[in-house]
Amino acid sequence: MSEVVEAGHATHDDHHDHGPDKGLARWLFTTNHKDIGTLYLWFSFTMFLIGGVLALVIRAELFQPGLQFVNPEFFNQMTTNHGLIMVFGAIMPAFVGLANWLVPMMVGAPDMALPRMNNLSFWILPFAFAMLISTLFMEAGGPNFGWTFYAPLSTTYAPETVTYFIFGVHLMGASSIMGSINIIATILNMRAPGMTLMKMPLFVWTWLITAYLLLAVMPVLAGAVTMMLFDIHFGTSFFNAAGGGDPVMFQHIFWFFGHPEVYIMILPAFGVVSQIIPTFSRKPLFGYDSMVYATASIAFLSFIVWAHHMFTVGMPLAGQLFFMYATMLIAVPTGVKVFNWVSTMWQGAMTFETPMLFAIAFVILFTIGGFSGLMLAITPADYQYHDTYFVVAHFHYVLVPGALFSIIAAVYYWLPKWCGRMYDESLGKLHFWLSFIGVNVTFFPQHFSGLAGMPRRIPDYALQFADFNMLSSIGAFIFGFSQVFFLYVVIKAIRSGKPATDRVWEGAHGLEWTLPSPAPYHSFTHPPKITDAEAHS
Amino acid sequence: MPKVNIRRLTPVARLCVGFVLALVAVGAGADELNMTRGVTEISRSIFDLHMYIFWICVVIGIIVFGAMFWSLIHHRKSAGVTPAKFHESTKLEIAWTLVPTLILIAIAWPATQVLVAMYDTGGEDMTVEVRGYQWKWQYKYLDEDYNSTFYFFSNLATPQEEIRGQAEKGEFYLLDVDEPLRIPTNRKVRFLITAEDVIHAWWVPEFGIKRDAVPGILNDLWTIVPEPGIYRGQCTELCGKDHGFMPIVVHAMPEDEYDAWYAERLAAEEERKRALSKTFTEEELMAEGEAVYATYCASCHMPNGMGVPPVFPALDGSPIATGPREAHLDVIVNGVYGTAMQAFGEQLDAAQIAAVTHYERHAWGNDADDVTQPKDVIEFMSSQQ
Amino acid sequence: MSSQTDQSVYYVPHNGWYPVWVAFGAFMLLAGLGTWLNAVKADEDPSAWMMYVGGATLAVVLFFWFAKVIEENHQGLANEQLKRSYVWGMGWFIFSEVMFFAAFFGALFYARNFAVAWLGGEGAKGITGDYLWPEFSSEWPVMANPDNSLFQGPAESMASPGIGSWLSYLPFWNTVILLTSSVTVHFAHTSLKNDSRGGLIGWLALTVLLGIVFLILQGWEYLHAYDELGLTLSSGIYGSTFFILTGFHGFHVTLGTFMLIIALLRAIKGHFSHHDCFGFEATSWYWHFVDVVWVCLFFFVYIF
Ligand code: HEA
Ligand code: HEA
Ligand code: CUA
Ligand SMILES: [Cu+2]
C-alpha cells in the first residue's frame, strides 16, 4: 500500500500541502477546513446582521401601538424572514463553522474527511439565501407565513414567491445533510490513535449527535416542502381537507423536523459551554460520562415530543397526554447538564474572562428559558401561553442568550487560536455587559406581555401592552448595537491584537491547544499522541 | 464560613440577584404582570397550575443559581483558592436524575386532571359554530339538530384612523367588534370551531380556552361562564395580513336577558329574509352598499377602492367592476378560488350583495349605467344552480 | 516534510473548482425551475433557459468531479482512511434518503388512519365528518373526496385485486422484477469478489436491463392510471400519496439505473478489482435501498 502512495506522491505535486492560495480563488475553491470554517462564520455573522435588522424593523414597528412604519403585509414578511434567516442562516451555519474549525483540531486530524464536499456544503448556502432573500424584492413579496409556514397559508394562500422559498429550503437541506455526513465521517474515522469515543471533547460529542439529528430530520423537512410544492403546482391535496388531506398533517410533519431542529441549535452550544467552564474553573468537567448520555437522551427524546407545538390544534386526549409527558421528561437530562456545569464550577479556581462570562450567562439564562419551556409543556397551561409573546420570550431565551451567546463565547475562546492574536479583554467585557443587559431588557418583558395576552406575529397591539413593548424595543436596539460593537472587537483583535500564546488559557486542555497559535493550515499533519491530560475537556 | 458582603459581589452576581428578586415579585402576583385568573372553573385551575409550576421553577432556580453564585463568589481564583480535582460522583448524579423526575411527576399529576376535565365535552345546553374567515369571525347559532338558526359576522370595529394614528386610540383599541358573540351565563355552551380559508385560532383568555380553527376540520370546546360580562380575546394563529386585527368579543349575559335577545334576533332574521324581495332607491343602495363595503371589503380593497396591488386589486377603474354585471356578481358571489377573495354569496344576503355591487359600480370614479337590486342577485344565483 | 500531511494516513485534496460550480448549477436549476413553474401557473409564457443552464452545468461539473475522483483513485491517492470515509458517507446518505421517504410514508399513514377517518366521521374526531362532510364516508382507497367539485376522485384505484389475480397485476410483476434485480446485482458483486470480470459485466448488464424494464412498466402504469382509471395527482389524497410515493421511488430508480450504467461502463473499462470497488458497491447499496423502498411501497400503497 505505502509504495503506491509514495508513487502518487512523487508524480503529483499539486497534491502536496502548502499554504492557502491568494485572492478570491482561495475562498471559492478551498478545501481547507479552516478556510471553510472561516467562510461559514462570516456568512453566519452577515446573516445575523440581516436577520437582526429585520428584528429591528419588527421592534421599531412595535415600539408603540398603531401602525407606524410598515404595513401588516410587510410586517409578516419581516417576522417570517427574521425567523428563517436567524435559524437557518445565522445559528446553524455558525455551529457548522465552529465544527469545521474545531473538530479536526480536537480529534487530531489534518482536515475534514471529505474536503471537497465540505466546500460544496458551504457554497450552497449563499446561493440558497440569495434565492430566499431576493423574494423580498419581488413584486409579490417574500414569504409571509411565519418560519413555521403552516399550510394552507403557505400553499393555497401564499404569494407566488413561495416556490423559491421551497427550493431555497431544499438547498439548505442539502447543505446540512452533506455537512453532517462530513462531520460524522470525520469524527468516526479521523480520530488520532488513542482518541477513543469516550475521550473525545464534549464539543465533538455534541456535534456527532447533532449531525445525526440533522441527518434524520432535514430530509423530512425536504419532504414537507416537496408536498407543499405539489399542493401548489401539481394539484395534490395533502394539506387540503376537501381532497381528503389535512392541514394539521403539515404541522405534524413540520414539527417532526422542527422540534429536533431546536435541539440542533442547542446541543453544540452545550458542547461549547462544556469546553469553556472547565477551563476557567481550572477543574475537569464534572460528570463527563453523564454529559454524553444526557446529550444522547435529549436527542432521542427530541423525536417524540413534536406535538407540544400543537397542543391547541385539537388532538385527541391520549395524544395530548403522551406529548406532554414526553416533553416534560427532557427536563431531566437537561437538568443533569446544568447540575454538572455548576458542579464543575464548585470548588474550582475561577476567573472571569469574556468567554467565561458568556458561558455563565448562558447557564443562567438558558435555564430560565428551559423553565419557561417546561411551563409551556404543561398542556392546559399552554392553552393560555400558546402563540403569545410568552412563547417568543421562551425561545429567545434559549436561542439568543442560549445558542447565540455560546457562539460568541466560542469566538472569544478560540479566536486567539484561530488568528494568533488576543482580543482586547476590557472591550470583550464591555461587549458582554452590553449584551447581557440588552438581551434581558429585550426579552424579559415579553414574558409579561405574553401572560397579559399579547398574541405573537401581530404588527399592532392593544393599549395595555404598550409599556412592555416599548421596553422590549429599547432593549433590542441596545442589543443590536452591542453586536455591531462585537464586530469591532473581533476585527480589532484580528488586525492588531497582541500575539497569543499556544495554550492561550491557563486552564485549557485539549489537542487544539497543543498546536501553535495561529494553528497551522493543516492542523495535524501526523497523528498526535493522545495523553490523558489532553483527553476529555 | 466567610460572610457574604453585598459590596464584594461581582457585578454578575449582583445583577442576577436582582433578577431573581424581580422574578419573585412576579410570583408574588402583581396582577397586570401575570396570566389572567379568568372567570371560569377551567381558567382558574389553569391559573393555579401555572402558579404552581412557576413556584417550582423559582425554587429550583434559587437552589441551582444559589449554588452557582456561591462558587462564583467563594471559588474565585482571586480569592486564592486551589482548585479541587473531583470530577464525578455517581450518588449525586443519580440523585439529581431522580429528584427532578419526582418533581415532574408532581407536576404531571394535577396537569393531567385539569386536562381530562377540559376534555369533558357533551351534555351541552347550546351549540355555536365559530368559523374563522380572513379576517373576521362568523358565529352561527345552532339548534338541537345542528341546523343554523341564524348567523352573523363579527368584524373589527376600531376605525382605520385610530390605527393609522390620525385619531386618539379608544379604550378597547383593536379589541372591539361591531357585533359580539352573545352567550348566556351558567349554561354549558359548546363551540364547534372551524375555518373557511386558512388556520385561525379562537381564544378567550378569561375562559381559559383556545383552539385552532382549521379549514375543513372541526374542533370542539366548551365553557360555562359564571359571571356576566364582556370578555375579549384575539385570533392567535397567523392567518395573513390582518391577523392582528380580528378580535373576539364575547358578551356573557344573564340567562333571561340572553333568552330575550335570542328571541329578538331570531325575529329580526325572519324580517330580514322578507325584505329581500324589496326594491330600493339608488340612494338607499349606495348608503347600504357603502356600509357593507366598509365592513367586508375595505380591509383588502381599501376604503378608496385602490386595493393593495399586486395582491389586492383596485376596484376603482377595474374592468370587472365597470364591465358586464354578470362577471362582477360572479366574483363577489363565488369568490376566486385560491385567492383571498372569498365567496361572499355564503356570507351576505341578496340585499347586501346587491347594495355592495351597486356601490362598487358607482363609487369612486366608477360609473356604470345600471342599478342592481336584490332580485337581480337572486336571479343570478339561481341561474347558477 | 513535516508541514506535509502524512498521505498514508490522510488524504487532503488540493483546492478544486468543482464544488462551487455544482452549487451554482443547483441554484440555476432550481431558480429556473421555480420561475418556470410560476409562469406555467400564472398562464404566462414559460421560459426555461435558466433551468437548462443549471442542469447542464450540474451535469458537466459532476462528470469532471467524478472523473477526477476516479483518476485519483487510480493513482493510489485514495488511502484506507478516505475509503472508509466514502463508505460512511454513502451509508449515511442512504439513511437520509430513508428519512425522505419516511416523510411520505408518514403522510400516507396519517392520512389513512387519522385524516380520512375523521373526515369520514369515524374515530376520536369523527365529529368533523358528521358536521362538515356529511356526504363523505371513510374508505381506503378514497374514491370520492370530501369535496368532489374541487378534487374529482378516481374511477378506479390501483389497489391489489387479491392474491389470486396477482398474475395479471402489474405491480406484482414490478415487485418480481425489482427483487430479481437486487439478486442480480448481488451476483455481480460475488463475481467481482471472485475476480470474474465477465460475470460482473453480465450480471450488471442484466440488472440495468431489469431497471429499465421496471421503469417502462411504471410509465405504462402511470399512463393507464391517467387515461383509464382517472387516477391523477389531483384526484384527492389517494392519488396524492400514490403518485408522490411511487413517483419519488421511480425517480430514485432512474438515478440508480443511471449509476448502474456508469458502473457497467467502468466495469467494462476494468476499473474495479475485488479489493477496490467502492464505486460499484455504493451503487449496489443504493440499488438495494431502492428495492427495499419498493417492497414497503408494494405493501403499504398497493396491498393494504
Ligand atoms: C434552542 C432552542 C430551544 C430549546 C433548547 C428549547 C427547549 C425546550 N422547549 Fe422550546 N421552543 C423553541 C426553542 C427551544 N426550546 C422554539 C424556537 C419554539 C417556538 C417555535 C415557534 O412556534 O415558532 C419553542 C416552543 C416550545 C413549545 C411550544 C409552545 C407553544 O407554541 O405553545 C414548548 C411546549 O412544550 C416548548 C418546550 C420546551 C421544553 C420543555 C424545553 C426543554 O428542553 C427545556 C429543558 C430545560 C430545563 C427545564 C432547565 C434546566 C433543568 C433543570 C435545572 C433541572 C430541574 C428542572 C425541573 C425538574 C423543572 N418549547
Ligand atoms: C434563531 C435565533 C434568533 C435570534 C438570534 C433572534 C434575535 C432577535 N429576535 Fe427573534 N425570532 C426567532 C429567532 C431568533 N431571533 C424566531 C424563530 C422567531 C419566530 C418567527 C415567526 O414567528 O415565524 C422570532 C421572532 C421574533 C419576534 C416576534 C415577531 C412576531 O411575532 O411578530 C421578535 C419581536 O420582538 C423578535 C425579536 C428579536 C430581536 C430583537 C433579536 C435580537 O437578538 C437581534 C439583534 C439585532 C441585531 C443583531 C442587529 C444588529 C445590526 C444593526 C444594529 C445594524 C447594522 C447593520 C448592518 C451592518 C447591515 N424575534
Ligand atoms: Cu385569524 Cu389570525
Ligand atoms: Cu419543541
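Modeller: Welcome! Domain bounds here come from an automatic or database domain assignment, and the model we are looking at is predicted.

Biologist: Thanks! How far apart do the C-alpha centres of domain 1 and domain 3 of chain B lie?
Modeller: Chain B is divided into domain 1 (35-118), domain 2 (126-274) and domain 3 (278-383). Taking the C-alpha centres of domain 1 and domain 3 of chain B, the separation is 60 Å.

Biologist: Which protein residues are the donors of the copper ion (ligand 4)?
Modeller: Look in chain A, where the donors follow the spacing H-x48-H-H. They lie 1.8 to 2.1 Å from the copper ion (ligand 4), and they are His259(A) through ND1, and His308(A) and His309(A) through NE2.

Biologist: Is His259(A) buried or exposed?
Modeller: His259(A) sits in helix α8 (residues 247-264) of chain A, while His309(A), 50 residues apart from it, is in the loop between α10 (288-301) and α11 (317-329) of chain A. His309(A) has a relative accessible area of 22%, so it is partly exposed. Buried means under 20% relative accessible area. His259(A) has 3% relative accessibility, so it counts as buried.

Biologist: What separates the copper ion (ligand 4) from the iron atom of ligand 1?
Modeller: Ligand 4 is the copper ion with His308(A) among its protein donors. From this copper ion to the iron atom of ligand 1, the distance is 4.5 Å.

Biologist: Are α5(C) and α6(C) roughly parallel or antiparallel to each other?
Modeller: Helix α5 (residues 170-193) and helix α6 (residues 197-229) of chain C pack with their axes 8 Å apart, at an angle of about 160°. Angles over 145 degrees count as roughly antiparallel. The two helices, α5(C) and α6(C), are therefore roughly antiparallel.

Notes. Residues numbered from 1 in each chain as written. Chains lettered and ligands numbered in written order. Predicted model: local features only at pLDDT ≥ 70, side-chain atom pairs only at ≥ 80, totals over all residues. Heavy atoms only, no water. Axes fitted to C-alpha atoms, helices over the stretch in contact; angles between N-to-C directions. Helix = DSSP H or I, 4+ residues; strand = E, 2+ residues; numbered from the N terminus. Parallel < 35°, antiparallel > 145°, perpendicular 65-115°, else oblique. Donors = N, O, S within 2.8 Å, 3.2 Å for Na, K, Ca; no water. Buried < 20%, exposed > 50% of the residue type's maximum accessible area, 1.4 Å probe, protein only.
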